[in-house]
Every structure is written in structure tokens, then in C-alpha cells.
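Please look over the sequence and the model below before reading on. The paragraphs after it are meant to be read with both in view.

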Amino acid sequence: MVTAQLGQAAGQFFVANPTIDPKPHLGQAGAELPDMGFMFLHAFADRPAEPDGYILRYEKGDCAVSLPAGRDVFFGQTAGFLTNFAATLPREPLSFDQMMALAQEIAARFDKAGWKRLNYNAAIVAENFGKNGPNKTQEKLGEWVPCNEAGLVVAIALVNHSDVRPGMMEPAALTAQRPADAPPHYVVEVRFMDSDMALYDEAIALRDARRLAVNGDTDKPLTFKLWVDEPDWRPKDWQGQFIK
């Protein structure tokens with residue numbers, strides 16, 4: 001299980017998840033990764049040493065919720081704080097009916113945990129899948145807001161995995177065995193983010209303030225490792241809504 005929350009310091013994230021080695025996510029000495037980027041967790045089905053999947057749990061206050069196991073989780077970080085993250089699940093792509101059942105079961109988890117529905121699309125069917133989405137490969141089932149965090153939102157997206165480039169989700173062996181005329185197969189993406197970019201903008205402001213203080217230049221990156229090692233740096237008179 002991987003626990004996380006929006007606005008969390010990456011150092012706290014690694015402490016809360018001791019099975020995740022921070023080193024690959026920080027880069028190598030002399031070539032550390034920058035103060036804005038992504039962390040990826042992948043569980044490959046064709047690699048016996050890899051985990052069978054990752055269970056993502058949003059854990060803060062009294063509205064914690066856990067997702068089923070998936071193969072792919074990514075975290076966006078700016079100034080060493082988690083500004084967005086998403087899980088792709090389950091471990092293998094599904095038929096349309098299986099995907100809808102899983103997505104609805106995940107939706108029920110948010111409802112049960114006290115999250116508030118902003119919208120919900122119960123009319124998605126295989127015949128017109130993608131017609132109402134941002135492109136022909138996706139539809140949005142719905143959005144929820146946490147029970148105790150204004151400005152944050154989670155979206156459940158449905159993805160036609162047949163029409164996108166094969167990625168980390170699907171093992172190479174399965175991809176090679178799937179005939180060209182196979183029925184469509186789908187995955188569910190659960191995306192955690194801020195609803196109006198306020199958290200992201202705040203992290204950008206903090207990142208740039210430290211770049212200016214250290215380098216005299218907001219365009220010259222610092223390192224992710226610096227923020228993990230020293231997460232409490234703040235400019236004078238800092239007034240953070242999400243990052244205190």
C-alpha cells in the first residue's frame with residue numbers, strides 16, 4: 001500500500017512509505033533531478049521481482065479512502081510537494097462491462113468515505129464511448145471533493161486502452177498475444193488534483209522564491225533532493241494556504 005495526500009512534502013511521503021526507495025526518484029549524485037517533475041511507480045507483470053500492484057490510499061483527516069491494486073501510480077512534485085497524482089488500475093486491462101463495474105465500485109468507496117460528488121455520468125455505454133470525453137479514448141465517470149479539504153478534487157476517468165500507445169500498464173507478452181481485431185479493453189484512472197490550480201500555483205511560487213534566494217534566477221532549477229532534505233524553507237512573510 002502507498003499512502004499519499006495532496007500538498008504533502010515528499011520527505012514525509014517517503015517516511016510514510018518505507019518500502020519505496022527514495023534514491024531512484026532523486027537522481028544520482030551530481031545529476032540530481034530538478035525541483036519540478038514526476039515520480040513513477042510501476043509494477044510489471046513480466047518481472048517476477050516486481051510487486052503485483054500498488055494500492056493507493058489517500059490518507060488525511062477523517063475521509064481516507066483506498067483504491068484497488070493497480071500497476072501504475074505517478075506523482076507530480078513541485079518544490080518537493082505533491083501537487084497531483086494518479087493511479088491506473090487494475091493490474092490488467094478489462095472488458096467494458098468489467099471496467100464499468102470497477103469504476104462504479106471505486107465511486108462507491110469515495111461516497112462511503114464522505115467525499116462529495118460534484119458530478120456523475122451514469123449514461124456511459126460502449127457504443128458511444130469517447131464521444132463526450134476530451135478525446136476519443138476517454139470518458140469521465142465523475143468528480144468528488146474531499147470531506148475536509150476545500151479546493152481539491154478527485155476524478156475517475158475511463159480509458160480505452162486499445163486506442164492508446166501500449167505503456168507500463170500492460171506487459172509486453174500480453175500485448176504481443178493480443179490480435180489486431182481483439183475487442184476493446186479498458187483501464188480506470190483515478191486522478192487527484194487541485195480544482196483551480198491553487199495548490200500548484202502556490203508550489204510554483206515557493207519553488208521560484210527559493211530559486212531566487214539561492215541562484216538569483218527563477219529559471220535556474222534547484223534539486224528535488226534539496227527539498228526532500230530541507231522541506232521547511234520558506235521566504236519571509238510566506239502565507240501558504242496548502243503549504244504552511
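What follows is a walk through the interior, the cysteines and some backbone features of this model, which is predicted.

A good place to begin is the largest nonpolar core, which has 58 residues, and among those with the most contacts inside it are L56, F75, W115 and F192. Helix α3, spanning residues 96-112, gives the most to this core, with eight residues. In soluble globular proteins, nonpolar side chains tend to be buried together. I156 is also listed among the residues with the most contacts in the core, and, leaving aside residues up to four places away in sequence, I156 touches A103, I106, A107 and F110 as well as others that include W144 and V188.

Elsewhere, H25 has its place in helix α2, residues 23-26, and counts as buried because its relative accessible area of 12% is under 20%. Among the residues that H25 touches, again not counting those up to four places away in sequence, are F14, I20, M39, F40 and F224.

Turning to the cysteines, the structure holds zero disulfides. C63 is buried, with a relative accessible area of 0%, whereas C147 is partly exposed at 34%.

The backbone also deserves a look, since most residues other than glycine have a negative phi, and most peptide bonds are trans. The peptide bond from L89 to P90 is cis, with omega near 5°, and P90 lies in strand β8, residues 81-94. A79, in the loop between β7 and β8, has a positive phi near 55° and is buried at 0% relative accessibility. D237, in the segment after α6, has a positive phi near 65°, but D237 is exposed, with a relative accessible area of 62%.

Key. Residues numbered from 1 in each chain as written. Predicted model: local features only at pLDDT ≥ 70, side-chain atom pairs only at ≥ 80, totals over all residues. Heavy atoms only, no water. Disulfide = S-S within 2.5 Å. Buried < 20%, exposed > 50% of the residue type's maximum accessible area, 1.4 Å probe, protein only. Core = buried A, V, L, I, M, F, W, Y, C linked by side-chain atoms within 4.5 Å. Helix = DSSP H or I, 4+ residues; strand = E, 2+ residues; numbered from the N terminus. Contact = heavy atoms within 4.5 Å.
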